[in-house]
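Here's a quick briefing to read alongside the model. Keep the 3D view open and find each part as it comes up.

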Amino acid sequence: MTTALDPEAPGGGGLLSRRGVAPVPRARTAPPDDVGAWGPVDTPAGPFRLVPVRLERDLRLVAAWMNDPAVAAFWGLAGPVGATADHLRAQLHGDGRSVPCLGVLSGVPMSYWEVYRADLDPLAGHYPALPHDTGLHLLIGGAADRGRGLGTALLRAVADLVLDNRPRCRRVVAEPDLRNTASVAAFLGAGFRLAAEVELPDKRAALMVRDRELRHLV
């Protein structure tokens, strides 16, 4: 898999491709918390919020981002819009463990996020997961929004939103490609630490962790 070295690149936010740890649809066992009620939050770039995806409203925008070659290298969803639709439906009609969202900065959709229960995801088979660990996947959609420091600022903001709104969550995790040293640096700048190197189905990853008890120190 091709790896971008820019932490603000579409794949620079530590995402796994859908061939790795995509959510497995199951019967819904418990309703997710309302991620859409978490924001807005102030960031150095302006007010930001997560808005849960609505397929009829957001599919073509997300599919267009997925067809950016820099994004496709990580997500594997380039091509017909149906590939993106299937990926989103698996979450929207699954068991609620993963919430797909648009990242809206100053009123403009500019990124795509998945906020997911890492302890209930296949990722948990590759590291010592704790109950209620929350994982983040993301991409920054437009080239004009890349390379200007947004990745680190938004990662910190979203990690804080998770910890503020999920009191049982002790850690926020992510898994950028280990070769993507600039992306790892972006996570470090957002208050994450490098906890381990893990072998995943499609890459060797840096397990990045932001700990609740350390959040105000880093």
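**Starting point: one buried threonine**

Thr-43 is buried, because its relative accessible area is 12%, and buried means under 20%. You'll find Thr-43 in strand β1, so let's use this residue as the way in. Keep in mind that this is a predicted model.

**Around Thr-43**

- A polar atom in the side chain of Thr-43 sits 2.7 Å from the backbone oxygen of Gly-46.
- Skipping neighbours within four places in sequence, Thr-43 is in contact with Phe-48, Leu-105, Leu-154 and Ala-157.

**The sheet**

- Eight strands make up an open sheet, and if you walk across it you meet them in the order β1-β2-β3-β4-β5-β6-β8-β7. The pairing is mixed.
- Which strands stand at the edges? They are β1 (41-43) and β7 (193-200), and each has a single partner strand, so one side of each is left without a neighbour in the sheet.
- From one strand to the next, the twist averages 30 degrees.
- Three bridges link β1 to strand β2 (residues 46-52), and the two pair in the antiparallel sense. Look across from Val-41 and you'll see Phe-48 of β2 standing opposite.
- Helix α2 (residues 55-66) packs on the sheet, where it touches β2, β3 (98-105), β4 (108-117) and β5 (134-140). The direction of α2 makes about 90 degrees with that of β4.

**The nonpolar cores**

- How many residues does the largest nonpolar core have? It has 30, and Phe-48, Leu-50 and Trp-113 are the ones with the most contacts inside it.
- Several elements give two or more residues to this core: β2, β3, β4, β5, α5 (150-165), β6 (171-174), α6 (181-189) and β8 (203-211).
- The largest share, eight residues, comes from α5.
- Apart from this core lies another one, of 16 residues, including Leu-55, Leu-59, Met-66 and Ala-85.
- Now zoom in on Leu-50: beyond its neighbours within four places in sequence, this residue is in contact with Val-35, Gly-36, Trp-38, Cys-101, Leu-102, Gly-103, Trp-113, Val-115 and Val-158.

**Backbone oddities in the loops**

- Is the peptide bond from Gly-39 to Pro-40 cis or trans? It's cis, with omega near 0 degrees. Pro-40 itself is in the loop between α1 (18-21) and β1.
- Ser-106 isn't a glycine, yet it has a positive phi of about 50 degrees. You can spot Ser-106 in the loop between β3 and β4. Ser-106 is partly exposed, with a relative accessible area of 44%.
- His-132 is another residue other than glycine with a positive phi, here near 75 degrees. Look for His-132 in the loop between β4 and β5.

**How far to trust it**

- The protein averages a pLDDT of 84, and 85% of the residues score at least 70.
- Where does pLDDT stay under 50? That happens over residues 1-31, for which the model has 110 contacts beyond four places in sequence.
- Where pLDDT is low, the predicted coordinates shouldn't be read in detail.

Technical notes
Residues numbered from 1 in each chain as written. Predicted model: local features only at pLDDT ≥ 70, side-chain atom pairs only at ≥ 80, totals over all residues. Heavy atoms only, no water. Pairing = 2+ DSSP bridges. Helix = DSSP H or I, 4+ residues; strand = E, 2+ residues; numbered from the N terminus. Axes fitted to C-alpha atoms, helices over the stretch in contact; angles between N-to-C directions. Contact = heavy atoms within 4.5 Å. pLDDT = per-residue confidence, 0-100. Core = buried A, V, L, I, M, F, W, Y, C linked by side-chain atoms within 4.5 Å. Buried < 20%, exposed > 50% of the residue type's maximum accessible area, 1.4 Å probe, protein only. Polar contact = N/O pair within 3.5 Å; in protein donor to acceptor, adjacent residues only side chain to side chain.
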